[in-house]
Amino acid sequence: MIMEGCSALNPRQASLASRPLAFLFIVLVGSLAVLSAEGHEGLSSNVDSGSSSGLPSLEDGQEDHKRFYKKPDENDHVRKTCKVESGSGGTGGRSDDACPGKPRLVRLAGEQVGHVEELELVPGKTHLLKTINMKPVIFEIPNFFTSEECSHIISLAKEQGLHDSATKSTGNGKGLALRDVNGDQKLSLRELQLTLEDGYDVFLDDDDIRQMYSEIGIDLNSDGFLSRQEVNGKTIGKISTYITKLLEEQPIKKSRFSEQTWIYPDQTEDPLVQSFQDRISKLTQLPQALIDKFSYFQVVHYGKHGHYNAHHDSSFIDESTCCHLTEDKHCRICRFMTIMVYLNDVEEGGETAFPVANNETYNTHVFRQTGMMNLNSRCGDSNLKVHPQQGKAVVWYNHFINNSTGWLGDVDPFTWHGGCPVTKGQKWIMNRWISVSESPDVDLAVALP
Ligand code: OGA
Ligand code: FE2
């Protein structure tokens with residue numbers, strides 16, 4: 001899957017998120033569409049783009065693992081050069097009003113699991129910022145919102161109306177690119193699974209795919225491979241029709257099974273929404289201009305069986321422009337931070353899982369190949385699970401800071417996460433992402449792009 005697939009994209013981004021993966025060479029002419037073999041590079045990861053499928057793709061993280069987690073400079077991304085002025089310290093080594101003229105992003109360091117810091121996010125009130133994990137760094141803030149505030153946000157979302165989180169339409173299959181990742185001129189079950197994840201917001205396991213083959217009459221020798229001879233011009237259309245029907249009948253097969261809406265603080269006078277902005281600014285210690293600029297947030301509702309497969313909330317860095325800065329559909333999602341708030345108590349299930357947190361031997365291929373992204377069935381295998389609790393915020397950094405620029409650095413590959421299935425009751429969350437590009441000049445410019 002891919003970045004929250006696209007479902008986490010705001011409406012403008014969502015329309016942009018259907019970009020083909022850069023490494024795909026899709027030959028839909030003739031019978032079998034063949035990818036150029038680029039080995040593992042050919043695997044896309046999920047960006048929340050949300051897409052557990054669906055978003056602009058992330059690259060595999062194994063290299064990143066080596067690059068970013070080598071000790072002892074693991075904390076290099078936390079700013080060290082500009083010292084904190086008295087009183088502004090805390091869980092993290094702040095950055096930078098102390099370095100005028102050189103804006104730098106701030107990552108709160110977290111110190112160690114169990115570290116707690118008191119913050120005054122709302123005048124006269126104390127909030128606790130608790131470090132619950134270090135790799136990746138994850139914080140919890142109980143009662144970030146009061147229960148009244150949570151209910152209020154839910155009401156705002158309901159007033160606006162929510163819609164299916166999946167943004168990929170199954171349509172006629174025109175966008176479906178068969179992915180022969182290893183270039184052997186045939187598609188394995190795994191390659192077909194990747195094909196489907198890229199094309200649709202769906203996660204099918206091997207048995208699901210075999211069932212599909214048998215129902216639509218392909219792979220007649222049942223060897224689990226689609227060869228050139230077994231695929232003809234009608235195959236894509238048949239797959240597409242099958243998936244459309246399957247998702248109607250079994251929405252649980254979706255990578256992201258929820259509904260959502262976007263709220264734009266600059267289009268509302270709502271006092272809570274304004275206070276939320278202030279809290280974020282105090283919490284993150286990021287420049288106000290950054291907080292104010294891309295201030296929209298997402299409210300998501302999961303019903304029974306609602307879930308969201310593992311994904312990254314942001315894209316790995318490449319040469320494309322960040323989606324929040326362009327109308328170009330060849331864009332990538334650039335979300336430095338995620339601040340996610342549970343708006344209700346979930347009766348059962350609905351944890352936020354970080355499947356590879358602290359996994360020293362994590363390997364993206366193994367992770368993907370073994371179906372670990374499928375939190376709908378593999379939540380129990382996750383290394384870290386955060387339990388929903390009304391008003392609690394969960395906060396993490398999707399990216400490191402680039403030491404030379406002081407601005408957006410690479411994705412932290414350990415931030416794979418998703419929502420476990422809600423087994424009883426329902427679940428409401430809000431997502432607020434801090435969008436940041438590699439250019440402080442662009443991000444901090446006063447006018448919106
Ligand atoms: C998301 C997400 C996790 C959850 O919406 O991007 O990761 O617990 N949600 O719902
Ligand atoms: Fe997410």
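Which residue does a disulfide join to C322? The first legend below answers this for the predicted model.

**View 1. A disulfide joins C322 to C334.** The two sulfur atoms of C322 and C334 are 2.0 Å apart. The torsion about this S-S bond is about -90°, so the disulfide is left-handed. C322 belongs to strand β11, which covers residues 321–322, whereas C334 sits in the loop between β12 (331–332) and β13 (335–342), so the bond ties together parts that are twelve residues apart in sequence. C322 has a relative accessibility of 2% and therefore counts as buried, the limit being under 20%. C334 is also buried, with a relative accessible area of 2%.

**View 2. C323 and C331 form a disulfide.** Their sulfur atoms lie 2.0 Å apart. Here the torsion about the S-S bond is about 90°, so the disulfide is right-handed. C323 counts as buried, at 0% relative accessibility. For C331 the relative accessibility is 0%, and C331 counts as buried.

**View 3. C379 and C420 are joined by a disulfide.** The S to S distance is 1.8 Å. The link of C379 and C420 is left-handed, with -90° about the S-S bond. C379 is found in the loop between α10 (375–378) and β16, and C420 in the loop between β20 (417–419) and β21 (422–424), so this pair ties together parts that are 41 residues apart in sequence. Both ends of the link are described by their accessible area: C379 is buried at 8%, and C420 is buried at 1%. In total, the structure holds three disulfides.

**View 4. The cysteine C150 is buried.** Its relative accessibility is 0%. Buried means under 20% relative accessible area, so C150 falls in that class.

**View 5. Five strands make up an open sheet.** The strand order is β7-β10-β20-β15-β16, and the pairing is antiparallel. At the edges are β7 (256–257) and β16 (384–386), each of which pairs on one side only. Strand β20, which takes part in the sheet, spans residues 417–419 and is followed by the loop that holds C420. At the β16 edge, the loop between α10 and β16 holds C379. The disulfide that joins C379 to C420 is the one shown in View 3.

**View 6. Strand β7 is joined to strand β10 at one edge of the sheet.** Two bridges link β7 to β10, which covers residues 307–311, and the two strands run antiparallel. Which residue of β10 is the bridge partner of F257? The partner is H307.

**View 7. Helices α4 and α5 cross at roughly 90°.** Helix α4 consists of residues 189–199 and helix α5 of residues 206–216. The axes of α4 and α5 come within 10 Å. Angles of 65 to 115 degrees count as roughly perpendicular, and α4 and α5 are therefore roughly perpendicular to each other. On the α4 side, the contact is made by L189, L192, Q193 and L196. The α5 side contributes D206, I209, R210, M212 and Y213. By type, the residues of this contact divide into six nonpolar, one polar and two charged.

Definitions and conventions
Residues are numbered from 1 along each chain as its sequence is written. Chains are lettered from A and ligands numbered from 1 in the order in which they are written. This is a predicted model: local features need pLDDT of at least 70, side-chain atom pairs count only at pLDDT 80 or more; totals for chains, interfaces and linings use all residues. Side-chain values use heavy atoms; hydrogens and water are left out. Two strands pair if DSSP finds at least two bridges between them. Helices (H or I, at least four residues) and strands (E, at least two) are DSSP runs, numbered from the N terminus. A disulfide is a pair of cysteine sulfur atoms within 2.5 Å. Buried means under 20% relative accessible area, exposed over 50%, partly exposed in between (1.4 Å probe, protein chains only). Axes are lines fitted to C-alpha atoms, for helices over the stretch in contact, and angles run from 0 to 180 degrees between N-to-C directions. Angles under 35 degrees count as roughly parallel, over 145 as roughly antiparallel, 65 to 115 as roughly perpendicular and the rest as oblique. Contact means heavy atoms within 4.5 Å. Ala, Val, Leu, Ile, Met, Phe, Trp, Tyr, Cys and Pro count as nonpolar, Asp, Glu, Lys and Arg as charged, and the others, Gly among them, as polar.
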